[in-house]
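Reader: I'm new to reading protein structures. Could you walk me through this one, a bit at a time?

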Amino acid sequence: MDRRAVLAGSLAAATVALAGCSSTSAATSAPSASPTARPTTPATAFARLMDGNERWVSGKLQHPDRDPDRRQLVAQEQEPFGSILSCIDSRVPPELLFDTGLGDLYVMRTGGQAVGPVVTGSVEYGPMTSDTPLVVVLGHQRCGAVKAAYKSLHDGKPLPGNLQAIVRALRPAYEQAVKEGGTDPVETMARAQVKLTAGALRSNDDLAPLVRKGSLAVVGAYYSLDTGKVEILSGKPS
């Protein structure tokens, strides 16, 4: 039995045990179907996200899956169609800029999309346990974490406390930005961080087989604070 099956089985057993505490009547009173069908392929999940971003840019928001019926539907279990690794920046909330709702996305947020074992495991959770078909690494314009890391590395002055862990995680992007040059090295570094992180996730031991099989896409994307538009940098599903 592979690792994915073991994880899924363990989580299913835990869910059954917890569900035993709930009444049967509560479970049977939940709505029988979601208002919108869950995308099950990388291409349809990607299209759903990008359609939502177009609505965000134009201001024609639908605010889907955000009512009491939806809350009740997903109370016992969830099947998000996408996993988003984005920055902690208050101006970049994935659920809003993709116009999604409750139960639609797994969301991980770290400074500058910095990754480590716990973050990587969190990204793997959806594809490996819920057949989530899409992972998006989302960087953004004028990223404060990237700017601080760039300055720390450029000046040789460590940041205080655990902020230095972010600097260490972003060093490969810094080195690539220095190599590429350009008029705005911080923006170059931010984009490099997206592409490096997406590439590492796309090729890691657990996600790579799903990518090769075509059941998962790992997309690198970049959000404009000025326009609200998401630009695709790598990994767009066909």
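Author: Sure! Keep in mind that this is a predicted model. Let's start with S234, which lies in strand β5, a stretch covering residues 230–234.

Reader: Okay, is S234 buried or exposed?

Author: To call a residue buried, we want its relative accessible area under 20%. S234 has a value of 18%. So S234 counts as buried.

Reader: Which residues does S234 touch, leaving out those up to four places away in sequence?

Author: Let's begin with one partner, K195, which sits 39 residues away from S234 along the chain. Even so, the C-alpha atoms of S234 and K195 are separated by 6.7 Å. The full list of residues S234 touches, without those sequence neighbours, is K195, A198, R202, V218, V219 and G220.

Reader: On to helices, then. How do α8 and α9 lie relative to each other: roughly parallel, roughly perpendicular or oblique?

Author: Helix α8 takes in residues 163–180 and helix α9 residues 185–202, and their axes are 8 Å apart. They pack at an angle of about 125°. An angle over 145 degrees would be roughly antiparallel, and 65 to 115 roughly perpendicular, so this one fits neither. That makes α8, relative to α9, oblique.

Reader: And which hand does the crossing of α8 and α9 have?

Author: This one is a matter of which way one helix is turned from the other. For α8 and α9, the crossing is right-handed.

Reader: What kinds of residues make up the contact of α8 with α9?

Author: On the α8 side you'll find A169, L170, P172, A173, Y174, Q176, A177 and E180. They meet P185, T188, M189, A192, Q193 and L196 in α9. Sorted by class, that gives 10 nonpolar, three polar and one charged.

Reader: Now cysteines. How many disulfides are there?

Author: For a disulfide, two cysteine sulfur atoms have to be within 2.5 Å. The sulfur of C143 is 3.9 Å from the closest cysteine sulfur, in C87, so that is too far for a bond. The disulfide count is zero.

Reader: Are C87 and C143 buried or exposed?

Author: C87 has a relative accessible area of 3%, and C143 also comes out at 3%. The cut-off is under 20%, so the verdict for C87 and C143 is buried.

Reader: Last one: zooming out, what share of the chain is buried?

Author: The chain's secondary structure comes to 10 helices and five strands. Of its 238 residues, the buried share is 42%.

Key. Residues numbered from 1 in each chain as written. Predicted model: local features only at pLDDT ≥ 70, side-chain atom pairs only at ≥ 80, totals over all residues. Heavy atoms only, no water. Buried < 20%, exposed > 50% of the residue type's maximum accessible area, 1.4 Å probe, protein only. Axes fitted to C-alpha atoms, helices over the stretch in contact; angles between N-to-C directions. Helix = DSSP H or I, 4+ residues; strand = E, 2+ residues; numbered from the N terminus. Parallel < 35°, antiparallel > 145°, perpendicular 65-115°, else oblique. Left-handed = near helix turned anticlockwise from the far one by under 90°. Contact = heavy atoms within 4.5 Å. Nonpolar A, V, L, I, M, F, W, Y, C, P; charged D, E, K, R; others polar.
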